[in-house]
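Here are a few exercises to work through with the model open beside you. Try each task before you read its solution.

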Amino acid sequence: MYIDAATLPSTAVLLDVDGTLLDLAPTPLEVVVPPDLTEALERLSQRVKGALAFVSGRPLAELDLFFQPLKLAAIAGHG
């Protein structure tokens, strides 16, 4: 597939998840994602034409679970 670089956004937004977007919790699976956060991230993704991604040491499957139905690109499992 050919991608014309001229059509790509010149800026991307990378968002750290744990301790930044989400408060830390006693265990990794106990984090709470406020419903309005997912909605705000969806609007932001649309505004930056999809150039939005999570950065997390978590597995991608956990990020998808926490923020469902929203699925963003992610740099996951890096820790």
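Keep in mind that this model is predicted.

**Exercise 1. Work out how the sheet is put together, beginning from the pair Leu15 and Phe54.**

Solution. Leu15 stands opposite Phe54, a residue of E2. Strand E2 covers residues 52–55, and 4 bridges join E1 to E2 in parallel. Now widen the view: 3 strands make an open sheet with parallel pairing, in the order E1-E2-E3. Its edge strands are E1 (13–16) and E3 (73–75), each of which pairs on one side only. On average, neighbouring strands are turned by 30 degrees against each other, direction ignored. Finally, add helix H1 (residues 35–47), which packs on the sheet and touches E1 and E2. The direction of H1 makes about 130 degrees with that of E2.

**Exercise 2. Is Pro35 buried or exposed?**

Solution. First locate the residue: Pro35 is in helix H1. Next, take its relative accessible area, which is 63%. Exposed means over 50%, so Pro35 is exposed. As a last step, look across to Phe67: the two residues are 32 apart in sequence, yet their C-alpha atoms are 8.8 Å apart in space.

**Exercise 3. Is Arg58 buried or exposed, and which residues is Arg58 in contact with?**

Solution. Arg58 sits in the loop between E2 and helix H2 (60–66). The relative accessible area of Arg58 is 7%; buried means under 20%, so Arg58 is buried. Leaving aside neighbours within four places in sequence, Arg58 is in contact with Asp18, Pro28, Val31, Leu63, Phe66, Ala76 and Gly77. Zoom in on Pro28: its backbone oxygen lies 2.7 Å from a polar atom of the Arg58 side chain.

How values were computed. Residues numbered from 1 in each chain as written. Predicted model: local features only at pLDDT ≥ 70, side-chain atom pairs only at ≥ 80, totals over all residues. Heavy atoms only, no water. Pairing = 2+ DSSP bridges. Helix = DSSP H or I, 4+ residues; strand = E, 2+ residues; numbered from the N terminus. Axes fitted to C-alpha atoms, helices over the stretch in contact; angles between N-to-C directions. Contact = heavy atoms within 4.5 Å. Buried < 20%, exposed > 50% of the residue type's maximum accessible area, 1.4 Å probe, protein only. Polar contact = N/O pair within 3.5 Å; in protein donor to acceptor, adjacent residues only side chain to side chain.
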